[in-house]
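Let's take a walk through a protein model together. Keep the 3D view open and turn it as you read.

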Amino acid sequence: MHKEVSSDSISESSAQNAPEPSCKTSCIDDVAGSKAPEAFSRPAQAPLDSSLFTGTTWRLNAGEASALIAARGAVVLDWNCAGVPVIDGYSDQADMESGAGCRCAVMAPWSNRIQNARYTWMGQEYDLGPAPDGSREANHGLMLNTDFERIDDGQDPASLTLHTVTGGVEGYPWPIDVRVTYRIHEKAPEQGYQGYRLELEINARNLADVTVPVGLGWHPYFHANAITDQGLDSLYMELPAKTEVVSDDMLIPLEGSQAFKEADYAHSQCGRIIVELKGWEVDTSWTDLWTDKDGLIRSYVVGSQGHLVLTQDTPVAHSVVHAFTGDTLPTRKRQSLALEPCWAMTNAFKRIPQVMELEPGQTRSLHTSVDYVS
């Protein structure tokens, strides 16, 4: 049974009140079962061909790792590590134009949904309007159909910085400067990279002359078969969370304290909750996140042939990590897992507007990374 907890207990001090991890920066020995991955042989796959896309793309390279990034939405299309596709992004131009699954979306100036696509800010109501299919979800911000431009000097083959100015649209009239930086690393244990690493930094600066609401997030999908040969059902997650967010059929958190249940799962030795994916159609957030001793939130996805480690910044009130097993997608159902670091919970513009405030000239950032270890 899950037990309800008061929303008062979920606050900016949640990380300080969480159980102290029993290890310095991670529980990887505990997570990985303290044993080497099972033998796993598979043919190497070439990186995704950029010619499948008609828009501008850039390829990053670092040793045996590469990543393909699109100007449209600043989304990562592919991250290939020594012949293993890890990111499950859009497969071609038609797939990207469909927007199905919001694959690897950079989410700004809000993440996930806003109830009925309407919110009130500083006493005025704003309407983001319906989606092309008529739904009113205001899904995943304004970036997916926005073209970014490259602003770095292009001298580093392993990094890329993109830029756009968003806002100025019905429902969100304020200009926001959004900068997105990707960086990839090859294996370098002596530098702390036990596996391959993909880093993402999102910076959003308020260009308006008034305080505006801003939230950030990332929606990456990871191939299940990058870390297992037994399908998504064989995977489990270890999450540094104390609370599960309870939502309605539209994935909007319930009112008040009803939205929060104690995460009454089994726990690892380090105190993370263990979430098995077998037989569960997951589209769920967890909050009340706690950090390792280095100040980072670490979530793990574990398979028989490897694991993923997702990091995100120190939490603010109602920061979440959200997981989605893809059961409702039109194609590629349960082929990959979306594990999403978000600066704030779904419907935050309406639920916790004071947390979303960003003053003129100020910048809000989300730093996140994923390690692939096999």
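Start at Phe-222: across the ladder its bridge partner is Leu-337, which belongs to strand S23. Keep in mind that what you're looking at is a predicted model. Phe-222 falls within strand S14, residues 221-223, and S14 is joined to S23 by 3 bridges, with the two strands running antiparallel.

S23 has another partner to look for. Strand S22, residues 320-324, pairs with S23 over 5 bridges, again in the antiparallel sense. One spot to find here is Val-320, whose bridge partner in S23 is Cys-342.

So how enclosed is S23 by the rest of the structure? Here "buried" stands for under 20% relative accessible area. All of S23, 7 of its 7 residues (336-342), is buried, so the strand is largely enclosed by the rest of the structure. You can check each face in turn: Ser-336, Ala-338, Glu-340 and Cys-342 are buried on one side, while Leu-337, Leu-339 and Pro-341 are buried on the other.

Next, go hunting for the largest pocket, which has a volume of about 1000 Å³. It's lined by 43 residues, and the ones closest to its centre are Gly-99, Cys-102, Ala-131, Asn-139 and Leu-144. You'll meet S22 again here, since S22 and helix H3 (93-98) are the elements that give two or more residues to the lining. H3 gives the most, with 3 residues. What sort of residues make up the lining of this pocket, by class? There are 20 nonpolar ones, 15 polar ones and 8 charged ones.

Now swing over to an open sheet of 4 strands, which follow the order S1-S2-S3-S4 with antiparallel pairing. At its edges are S1 (57-62) and S4 (84-85), each of which pairs on one side only. Further in, S2 (residues 65-70) and S3 (residues 76-81) run antiparallel and are joined by 5 bridges. Try spotting Ala-67 there: its bridge partner in S3 is Trp-79.

Last stop: Thr-211, in the loop between strand S11 (196-206) and strand S12 (212-213). Where does Glu-359 lie relative to Thr-211, in sequence and in space? Along the sequence they're 148 residues apart, yet in space their C-alpha atoms are 4.3 Å apart. Leaving aside neighbours within four places in sequence, Thr-211 is in contact with Glu-357, Leu-358, Glu-359 and Pro-360, and also with Trp-121, Met-122 and Asn-206.

Conventions:
Residues are numbered from 1 along each chain as its sequence is written. This is a predicted model: local features need pLDDT of at least 70, side-chain atom pairs count only at pLDDT 80 or more; totals for chains, interfaces and linings use all residues. Side-chain values use heavy atoms; hydrogens and water are left out. Buried means under 20% relative accessible area, exposed over 50%, partly exposed in between (1.4 Å probe, protein chains only). Two strands pair if DSSP finds at least two bridges between them. On a 1 Å grid over the protein atoms alone, a cavity is a set of points where a 1.4 Å probe fits but cannot get out, and a pocket is an open set with protein on both sides within 12 Å along at least five of seven lines; lining residues have an atom within 4 Å of a point. Grid points are joined across faces, edges and corners, and a volume is the space filled by probe spheres set on the points. Ala, Val, Leu, Ile, Met, Phe, Trp, Tyr, Cys and Pro count as nonpolar, Asp, Glu, Lys and Arg as charged, and the others, Gly among them, as polar. Contact means heavy atoms within 4.5 Å.
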